[in-house]
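Trainee: Before we begin, I would like to go through the terms used for this structure one by one and hear the reasoning behind each.

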Amino acid sequence: MFGSGVIGRLRFSRQIFVLQTVLVVLLVGLVAALVGWLLRNTLTDEYGERALAIARTVAADPEVVAAVAAKQSGGALQREVLDLTARTGALFVVVTDDHGIRLAHPEASQVGALVSTDPSEALAGREVVSAVETGTLGQSVRSKTPVLGPGGAVIGEVSVGYAVTAPAGETRRLFTLLGVFTVAAMLLGLAASWLLSRRLRRLTHGVEPRELTEMLYGQEAVLHGIGEGVLAVDGQRRISVRNAEAERLLGIPLPVGAPADELAVSPRVHLALREPPADNVLAVAGERVIVVNSRPVRRDDRALGTVLTFRDRTDLDMLTRELDSVRSLTDGLRAQRHEYSNRLHTLSGLLQLDHRAEAMEYLQTLTETGAGRPSGIDGAVADPYLSALLLAKTEQAREKDVELRLTEDSWVPGTVDDPVAVTTVLGNVLDNALRAAQLAARRPAWIEVTLLADGATLHLSVQDSGPGVAAELRETVFDEGVTTKLTPGHGLGLALARHEARSRGGDLWLADPGGASTSTGTGTGTGSGTGAGSGRTGSGALFVAALPEVLNGGLDGGLDGRGGAR
């Protein structure tokens, strides 16, 4: 409608204002014209009825009837007509005989002459009401009624008329009032149109319909064409926009209009919603690890809401942890190479100085103490991933003055089917234990690890010499974001470890919170509670995990020893 011309170049809100203004003016004008027409007709009918009432009164007057019957013109009849005309404000009151000859008229010169308008209707016995006709005195609204004689025969007529200026004057007065109300209504309509245009512009933030269409197409393309999840909430913290990828990554439905605060998602996602901006926040969602970013949305200094984006980091996180395991192993091997180099240099020096006895004693000492690896690792753990992880963590612990040892009853003859899952669980638990043992005041600091194969299920337990888990953290130690570290970005390791264990049908639990004295607990997991260092006075926390269907190729000997009968 406004595609071209001057109107088409206006902003949409102004086009709406112009359209509404034209409509208001047209509607008010039509209403005013209709009301004026009705007023004019009403006033014409009203004056016609008034004239008819006067005519009936005159026609029923016995003196008038007698004069008409006798066809007496002028005289008393003329005086009565003039008096009545003056008293009623009529233009004229005319009395005629049965041939239309005037017997009385406001102008005496017209008495005795034939009436100027057709008297046939009244002389036929029918009344004429509100007829607008032009006579000797000009245009008037007139009504006519027959004069009936003693026998009921029509013997004449009475015609009463009001000048058309009478209803016209009343009409002008009413039109003046109508005009005032019309102008007021028009101004009110224009004001409403202006306010509506302003509200429309404010609601659309000044964006034109063409731009809105382009934005809609762009939004649909962006929302459903990218690999990231998108979730937008408005100023009332209700979901306004989301795509299918966001629902897939979060693992829950995201209905538009639902309160964002009631979503069953990670506390870190809620924190990103409440306190934007947030960059690269790791969170657990169902069986995935996602990266969350949030940004506040503002326009013209108005807060419109928050937009969150989600990226699936599950595969990347697995690769990162594999790389971390390899890096830890490499660091451990580098440290061992450096240590072996020093020992070989020492042994070479002793031999060059011909201190053969000291060299033999030194070799004996190295043979007995080993290279710092957990005792029995070669015979007890056959899987190369587990062995490498234990070796790397042992070197890392030794650098922090913590002894990591594998318990004598550990036994894993098979290999691991899913090394990422196993190293994720064991690596995170070991990192937690290493930090607890390192920061505790108790010395010597130690970590004891037990690994047991039960068919395809791997049972593991980790205990440290730390202070244990504080009472206020025991119920929430596996919750995302729970940590004793002061720096942000922590509190994800144990949550990931439990998530990984449960995603495979197993579990990870706190068997014993530790403290002044400990006794091995059974926890709430699916496997039996195994524990290194059970009953050790002053031991720290004991974490136990059961990982089903992660082993293959081992002996079905299991928990009671190295392949022995159960």
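**Reasoning from values to terms**

Mentor: Let us start with a pairing in this predicted model: strands E14 and E16 run antiparallel and are joined by 6 bridges.

Trainee: What makes E14 and E16 a pair?

Mentor: Pairing requires at least two bridges between the strands, and E14 and E16 have 6, so they count as paired. Within this pairing, Leu460 stands opposite Ala545 of E16.

Trainee: Which sheet do these strands belong to, and what is its order?

Mentor: They belong to an open sheet of 5 strands in the order E11-E13-E14-E16-E15, with mixed pairing. Its edge strands are E11 and E15, each of which pairs on one side only, and the twist from one strand to the next averages 20 degrees. Helix H13 packs on this sheet and touches E11, E13 and E14, its direction making about 155 degrees with that of E11. Helix H15 also packs on the sheet, where it touches E15 and E16, at about 125 degrees to the direction of E15.

Trainee: Why is H15 described as largely enclosed?

Mentor: The helix spans residues 493-503, and 8 of its 11 residues are buried, so the rest of the structure largely encloses it. Among the buried residues are Leu494, Leu496, Arg498, His499 and Glu500. Just after H15, Gly505 takes a positive phi of about 85 degrees.

Trainee: How do you know that Glu448 is buried?

Mentor: The cut-off for buried is under 20% relative accessible area, and Glu448 has 7%, so the term applies. Glu448 is found in strand E13, and its side chain is joined to that of Arg405 by a polar contact of 2.7 Å.

Trainee: What makes the 2.7 Å between Glu448 and Arg405 a polar contact?

Mentor: The limit for such a pair of N or O atoms is 3.5 Å, and the 2.7 Å between these two side chains falls within it. As for the strands, E11 and E13 run parallel and are joined by 5 bridges, with Leu404 having Ile447 in E13 as its bridge partner. E11 is mostly covered, since 4 of its 5 residues are buried.

Trainee: Which residues touch the most other members of the largest nonpolar core?

Mentor: They are Leu426, Ile447, Val449 and Leu451, in a core of 41 residues. Helix H14 supplies the largest share of this core, 8 residues. Leaving aside residues up to four places away in sequence, the contacts of Leu451 include Leu386, Leu390, Trp411, Leu426 and Leu460.

Trainee: What makes E2 and E3 edge strands in the other sheet?

Mentor: That open sheet has 5 strands in the order E2-E1-E5-E4-E3, with antiparallel pairing. Strands E2 and E3 each have a single partner strand, so one side of each is left without a neighbour in the sheet. Further in, E1 and E5 pair in the antiparallel sense over 6 bridges, and Val95 has Val158 in E5 as its bridge partner. Helix H4 lies across E1, E2 and E5, running at about 150 degrees to E1.

Trainee: Where does the pLDDT stay under 50?

Mentor: It does so over residues 517-535, for which the model has 52 contacts beyond four places in sequence, and it is also below 50 over residues 556-566. Where pLDDT is low, the predicted coordinates should not be read in detail. For the chain, the mean pLDDT is 77, and 77% of the residues reach 70 or more.

Technical notes:
Residues numbered from 1 in each chain as written. Predicted model: local features only at pLDDT ≥ 70, side-chain atom pairs only at ≥ 80, totals over all residues. Heavy atoms only, no water. Buried < 20%, exposed > 50% of the residue type's maximum accessible area, 1.4 Å probe, protein only. Helix = DSSP H or I, 4+ residues; strand = E, 2+ residues; numbered from the N terminus. Contact = heavy atoms within 4.5 Å. Axes fitted to C-alpha atoms, helices over the stretch in contact; angles between N-to-C directions. Core = buried A, V, L, I, M, F, W, Y, C linked by side-chain atoms within 4.5 Å. Polar contact = N/O pair within 3.5 Å; in protein donor to acceptor, adjacent residues only side chain to side chain. pLDDT = per-residue confidence, 0-100.
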